[in-house]
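Here is a short note for someone opening this structure for the first time. Please read the points with the model in view.

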Amino acid sequence: MHYLVNKTSRALVALSMLALAMARLSADVVETKNGARIVGKVSGIDGGTVVVATDYAGSVKIKQSEVASITTDAPIAVRLASGDRIDGRVSGGGNGALQVAGASGPVNTTVAQVSSSWAAGQPDPSLVRRWAYQATVDVNGKTGNKEQLGTAAAFRAVLKTPQDTLQFYSAYNREVSEGTKSADQFKAGVDYQNNFAGNTSWYVRDEGGFDRVKDIKLYNVAGAGFGYDVFREPKHLLTTRAGLSFRYEDYKNPGTTDVSAMGLDIGVNHEWEFTNSRIVNRLSYVPSFEDFSNYRINHESFYEIPLADPNWKLRLGISNDYNSKPGIGVKRLDTAYFTRFVLSWQ
């Protein structure tokens, strides 16, 4: 009897060790650039973070930029920065190289080109349309030798998927210095972009408003054309645009000639996220066909950093509004420096 008990115990131990070995053999493995090896189950990749579910430490989050290799024991769904989706087992070749064994054959890529991942056969979570909202506000003032008060507020709503982006936005800026208005501007607009073929897109946009300091009772700029992503990575995007526009400006002063003309619509959008901060640069150039010396240039650049609450951020930036043929008594260039609080939510 004692012999049978010992034999049974040894068999159970052997089976347990075999099961443990099989579990390890069938587990996913993530290797980092500094040589660390995390064994578990890759539960997802999103926003530059690889999440691995482990038995010994729960969910482990690793910066995607620090990952050298990913190997999965079962198929997962992978979306690349190009927008392509592949379902298959992932094997790592080291130094950031990856291969996804898709149904149409293996696809070679890199860790950096993986935009996101989720369970194989399931819908792409990013295709579930959700609105993202953003509100900004800043107030600045001065008393003493001079009296100055400035207020600005803006709102933006974005509905985004890997294939298209719809944005609504509005902003108001007012500043009074020594009893005289130095800024009184409102704008509202809509912008839609559809990436119909990889890095190539088409877009339509429209923006209107007023600028009383610049003597503009009402303005409107509508544009449509094509865009191209010079590079399109999970945290780095550079998009150029070229198309046609219609520009309208109604001036209060009867001595200023109103603008109502077709023209070009040229634009550049650059967004770069690193660590927890972000840099954004936007530029638009709208010349008139009737007179190419009559054009508008709008520029905005800002640096955004998170505060203690991740929904709140601080934005430091500069904006320029240049009109080659402004109203009577109005300067061509307006430059504004700003510090704004930003609230984001979904």
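Two strands count as paired if DSSP finds at least two bridges between them. With that in hand, note that a hairpin joins β3 to β4 through 3 residues. The model is predicted.

1. **The β3–β4 pairing.** β3 and β4 run antiparallel, joined by 6 bridges. Val51 has Lys61 as its bridge partner in β4.

2. **The other side of β3.** β3 also pairs with β2, in the antiparallel sense, over 5 bridges. Here Val51 of β3 stands opposite Gly44. The hairpin of β2 and β3 has 2 residues between the strands. Gly47 takes a positive phi there, near 60 degrees.

3. **Two faces of β3.** In a regular strand the side chains alternate between the two faces of the sheet. β3 shows the pattern: Val50, Val52 and Thr54 point to one face and are buried. Thr49, Val51 and Ala53 point to the other face and are not buried.

4. **The largest core.** Which residues have the most contacts inside the largest nonpolar core? They are Val30, Val42, Val50, Val52, Val67, Ile70 and Val90, in a core of 18 residues. Among the elements that give two or more residues to this core are β2 (37-46), β3 (49-54) and β5 (67-71). β6 (76-80), β7 (85-94) and β8 (97-102) do so too. Apart from this core lies another, of 5 residues, including Ile216 and Tyr251.

5. **Ile70.** Look at the neighbours of Ile70. Leaving aside residues up to four places away in sequence, Ile70 touches Val29, Val30, Val42, Ile45, Val50, Val90, Ser91, Gly92 and Leu98.

6. **Gln64.** Gln64 lies in the loop between β4 (58-63) and β5. Is Gln64 buried or exposed? Buried means under 20% relative accessible area. Gln64 has 8% relative accessibility, so Gln64 counts as buried. The side chain of Gln64 reaches the backbone oxygen of Val114 at 2.7 Å. Not counting residues up to four places away in sequence, the residues Gln64 touches include Ile45, Val50, Val111 and Ala112.

7. **β14 to β15.** Further along the chain, strand β14 (residues 180-197) runs antiparallel to strand β15 (residues 200-211), with 11 bridges joining them. Gln193 stands opposite Tyr203 in β15. Their hairpin has 2 residues between the strands, and Gly198 takes a positive phi near 65 degrees.

8. **β15 to β16.** β15 pairs with strand β16 (residues 216-233) in the antiparallel sense, over 11 bridges. Asp211 has Ile216 as its bridge partner in β16. This hairpin has 4 residues between the strands. In the turn, Asp215 has a positive phi of about 70 degrees.

Notes: Residues numbered from 1 in each chain as written. Predicted model: local features only at pLDDT ≥ 70, side-chain atom pairs only at ≥ 80, totals over all residues. Heavy atoms only, no water. Core = buried A, V, L, I, M, F, W, Y, C linked by side-chain atoms within 4.5 Å. Buried < 20%, exposed > 50% of the residue type's maximum accessible area, 1.4 Å probe, protein only. Contact = heavy atoms within 4.5 Å. Polar contact = N/O pair within 3.5 Å; in protein donor to acceptor, adjacent residues only side chain to side chain.
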